[in-house]
Every structure is written in C-alpha cells, then in structure tokens.
Amino acid sequence: MRKIYLEDTPLHEAQEKYFKLFQFQPKVEMIPTTESLGRITAEPIFAKVSNPNFHASAMDGIAVKAEKTYSANEHSPLRLKLHQDYEVVDTGDPIPEQFDAVIMVEYLHQIDEETVEIIEPASPWKHIRQIGEDIVAGEMILPIHHKIRPVDQGALLAGGILEVPVIAKPKIAIIPTGSELVKPTVDLKAGDLIEFNGTVFSGFVKEWGGEPIYKGIVIDDFELIRQAVLEALEEADMVLMNAGSSAGREDFTSSVIESVGEVIVHGVATRPGKPVVLGRGYNGKPIIGVPGYPVSAYLAMDWFVKPLMHQFQGIAMPERRKIKVKLGRRITSKMGAEDFIRLNIGKVNGQYVANPLTRSAGVTMSMVRADGLLRIPIHSQGYEQGEEVEVELYKPLEQIDRTIVFAGSHDLTLDLLASAVKRVDAKYSLSSAHVGSLAGILAIRKEESHVAGTHLFDEKTGEYNIPFIKQYIGNQEVVLVNLVYRQQGWIVQKGNPKGIHSIEDLTKKEVRYINRQRGAGTRILFDYLLKQAGITPEQIYGYTREDFSHLSLAAAIKGSNADVGLGIYSAAKVLDLDFIPVAEERYDLLMTKEFYQSELGQLLMQVITSESFKNEVESMGGYSCRDTGKLLLG
C-alpha cells in the first residue's frame, strides 16, 4: 500500500534516529602503496625497515674520523691522505665503518690528487644521516582510519611498506527514477527532463571516498523499481533512489522501500528537502529516497549520505567554516520547518555581506553560484535586512575576500566581465546579484556592494542614472563609469507571430506580456513608454508578471509562456528570438570612490578598458563600447 503522506520530522531527530541503526563492519583490502592516495587505513601501519638503513652522508665531501681532525685551525692547517685519513663521499653514500663525520667539499683545500687540507675540526656525526634518522623499523608510520596523503605514501614506501591495508570503498548504488527522464542530450522534446542528478551523486560519492554504481534510469513502474532496488541491495553497501520520494500518484519510493525492508522516516521538516525517505533493506543496508529537485537532492545527500559514508569508513565528518555576515536583503521564513537559504557572499569595506539566491528547489544554478548556506531555525520567521547572522561557507574564505561584489541591473556583458577578470588575475572573481538598477544604487549607499550596474532613465531631464544617484546617494563620494550603450526592444517569438511592432500592439487581447521587476531600469523605461503612448498598465495583459533577468525573460518567450517583453538585443540573439528595436540606452557602473581607487577597482577598470573586452562585447551584437570606461561622475 503506497504511503500518501509526509511526516515533519525535525532534521536533527531524523539524523539521530537513522544513523544509530547502522553499525558498519568495513571490509579490508590490500592495495599497492603507489595506488593508495586518498584511501583510509584499516589498521595502524608499522615500518618494516629503517630509513636510512645505513649511516649515509648528508653532503658531498669526505668522510673522516672526527678525533683525528681536532688539531686543525687557521694557523695550523691539517693535511689528510686519501684511503688513510679520509674517503670521498657524495650525498647519500654509505659512511665507511672507520669514519664518523663528513667535511663538506666547500671547506676542503685540494693539495694534490690524494691530499686535502682543512682548517677547522669536524665534530662527531656531523653531516651524517644515521640509521633510522627518518624512520625506525617497528615505528608506527600511520594510525588507523587515516586518509592517506602524498607525503604519507612517501613515508610508507621509505618504511618498506609496499602494500597497505585500507578500508574497502563503500559501494553506493544510484537509481534515478522517472518516466520523464532521458540521458543527457541536446535533442529534447516537450516533457523530456535530462537526468543529471545521477552524475552529481556519483561525483559526491567519489569525493567522499566511495565507489558509485550507476544503475541507469528506471521508469515510474513499481515492479521495475522494486527489482532494481533488490538487485542493488545485493551488490552495494547503500542504495540511493532519486525522485519519487514525495506523495504524488507516481511516487513509488516509500512503498518500494516498505516492500523490501522498512521505512524509518518519510519527510523531514526542512525547506527545501522535505520529501526524503530514510529506509533499511531486508539485509540491514541503508536505502535513501532522495528528492528529485536538484537543490533538495544535494542537501539531502549532505545531510544523510555523506555522514553515513564517513561512518562507514570510520572517519570524522569535516565541518565547514562558519562566519558572521550582514544580510543585504530581508529573508522571511514560515515557522514549522528549517529553511536553508543559498547565499552570495562578499567582503565590502571590511564587512561580509550576503544576499539570498533563488529559493526554488529546482534551480541547480543556485548551488553552483552559492558561496554559503544560511540555516533558519524551525521556530524563526526569518531575518531583517542588515541583521548579522552566521552562515556556513561553501567556498574558501580567501576566495570570498577576493570577490568583486556586483549588484544591480542584469546584463550579459557581466559574464564576459567576470571571465575577463579571471584571465587577468586568476585569484579574483566577480559575483553578481540581479536586483535591478535602483536596488543596486541603494546597495552602494548601504555599503553592501562594490559595484552597481544601472540604466535608469529620468523622463524629466532625459538623462540616464545621474539624477537618481544624486537623489539616493547624497553626499557619499561615488564614481560613475560607462560600461556600454545597448539596444532595448521588443523580444518576440521567431517570426513575430503576434505581429508586434509598436507599444500599441501590446494592448491586443491575445498578447501576453512579461515584465521586469520593480526598480529595474527596463521596467522604468517601459512605464515611460506607456505614459508617452497614453496606455495604462491595466491595458497590458501580464504587466504584473515579473522576471529578474533579460535571459530568463527571453527564455519565457522562447518557451511560449509569453509573447513579448522589453529586453536587450543580446538576450534575444542568444535564444534565437526576433527583436524589434525601441531605444538605445546607457548602461553604467556605479562604485564608491574608495573602491574605484583601490587595487581591485583599478583591476576592474583595466579589464573594462581593454580592447579585447570591448571587442568581445561588441561581437555579441546590440552593444556599443564608444564610451566604455569613460568617467561620467566623480
């Protein structure tokens, strides 16, 4: 009988309840030391030989008996005879038994082929590596449950360990389910979804020390899924079922697990990630039903699969670094579930500032772009803008420290700019949040961003950006630099089937419009065009439907979810849509004078004013770089 409900088990309770069910008995295997990198030792490893296993010269020179050199000094040099008083040795050579010191070649005065002169005495065992100086036979080289590093491999080989007992990699079976799934391809039809979670899961499993067994896509059929799980339970140490973990008509994960074992938890009180199924097979092995939405899936992997794999290998779970950040925007939360918010983080004027990325569980790119994760407690209603909170980092702090934080209007040239910065100096990066022109200006005022992109048209003066900067920035010292001029126009489907040529055509009943968000320069331009034409927002079907970037607006039109939107030519070109020009606008970059004059600010200006960057921008179409880098204010 298929379970048709989800529980709301708190995350920490689900973890505690589930993890205590398993007492793994890891298998041990012997592998060549040369192939042991990253593996976990199954027992303490002791040296079989000493290193060095003989008294060895540490320098090029001569081996001598120290006591025979004590009389040497500058006023009374001592002469030594070959084979009688000394032997020539190179670094690493054995020391003849009758000698106990080495004099470096730099301190020898060669009298003839068999005679040398010295002016300083040698001390016993000077410049000699004694037996076992590095490793002594019987000494423990590595403890149990140690992850082997390159230096460890060297020590093992030096100690005569040619094979290492390691914990066998846990085998993790991965079963993606869903009739809508197809193998990765560019030839997609309506209803096809590319199966990529399996590749991500496999990557995580390898990263955490396991061996993934990808079983391939299984369609939504109870018996087929059940058979795949039974086979996986025989060959793997843990089974991951992807998708079908919720309570929908074709969500079979919970009922399949019940049919081959037992369900321990179905549903955790988190957003995203609620529809997790934690089960145990008939043979005691873990079966985890991971949600299909990518963000939910990746978080569930982190919460349940990663700890179990570390438990299996007998190693401690690494903890991510945590820092305090100031929130650039208000973040709300509904009580009753923990919220996990992906964030962009940057350091502005000595303060770490974080802005939330999209909260949708299906947006893979929010994980790609995330610098960190904010965990909102189950009984909290969220945090206010400017509040300080603790976040968990996904990236090294040094990388975040070297990030140019960008907020404001979206433009495709920003991706080119980010790549160009990397090419000039690989240690720096650019992170952008598409919040609209006005929000970008306010972010500069509140010291929450290094740079803001803006293209706000002032209908009273006919000027771009400067009137708004004067209104909102006040006496703050800022610099305004031109980035590009760009073409704005109507983005329509290929062939312009709705016959849209002017703003008046948007009032037709069959035309569906898609707008930009409030505060976006494109939205302000559209409102100005409506006013000039004497058209009210109520006459535009879709006026209140908002999108946050030119590309996503164009994608909605490409997917026939809208007929027209005001946007830039380059977005239409990328998605092979038609474009009807409306106006050329100026797109500028606003920054504080302090940042502009800083090393990072000058690096940015160096990139912007380079001929290679300007050529790359203009090759996209719809852009002019005639004033790129020109100082407009400050």
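**Exercise 1.** In this predicted model, identify the bridge partner of Gly 261 in S20, then place S18 within its sheet.

*Solution.* Step 1: Gly 261 has Gly 281 of S20 as its bridge partner. Step 2: S18 and strand S20 (residues 277-281) are joined by 5 bridges and run antiparallel. Step 3: the sheet is open, has 6 strands with mixed pairing, and follows the order S16-S13-S17-S21-S20-S18. Step 4: S18 (261-266) is an edge strand, as is S16 (211-214), each pairing on one side only. From one strand to the next, the twist averages 20 degrees.

**Exercise 2.** Determine which strands helix H1 lies across, and which strands helix H6 lies across.

*Solution.* Step 1: H1 (residues 11-19) lies across S18, S20 and S21 (286-290), and runs at about 160 degrees to S18. Step 2: H6 (residues 294-313) lies across S13 (171-176), S17 (238-242), S20 and S21, at about 165 degrees to S21.

**Exercise 3.** Describe the cavities of 30 Å³ or more and the residues that line them.

*Solution.* Step 1: the whole structure contains 2 such cavities. Step 2: the largest encloses about 70 Å³. Its lining includes Asn 344, Ile 345 and Gly 346, together with Glu 448. Step 3: strands S24 (338-348), S25 (351-356), S29 (403-408) and S30 (429-434) each supply at least two lining residues, and S24 gives the most, with 3. Step 4: by class, this lining comprises 5 nonpolar, 4 polar and 1 charged residues. Step 5: the second largest cavity holds about 40 Å³. Among its lining residues are Val 348, His 450 and Phe 595, and the lining divides into 2 nonpolar, 4 polar and 1 charged.

Conventions:
Residues are numbered from 1 along each chain as its sequence is written. This is a predicted model: local features need pLDDT of at least 70, side-chain atom pairs count only at pLDDT 80 or more; totals for chains, interfaces and linings use all residues. Side-chain values use heavy atoms; hydrogens and water are left out. Two strands pair if DSSP finds at least two bridges between them. Helices (H or I, at least four residues) and strands (E, at least two) are DSSP runs, numbered from the N terminus. Axes are lines fitted to C-alpha atoms, for helices over the stretch in contact, and angles run from 0 to 180 degrees between N-to-C directions. Contact means heavy atoms within 4.5 Å. On a 1 Å grid over the protein atoms alone, a cavity is a set of points where a 1.4 Å probe fits but cannot get out, and a pocket is an open set with protein on both sides within 12 Å along at least five of seven lines; lining residues have an atom within 4 Å of a point. Grid points are joined across faces, edges and corners, and a volume is the space filled by probe spheres set on the points. Ala, Val, Leu, Ile, Met, Phe, Trp, Tyr, Cys and Pro count as nonpolar, Asp, Glu, Lys and Arg as charged, and the others, Gly among them, as polar.
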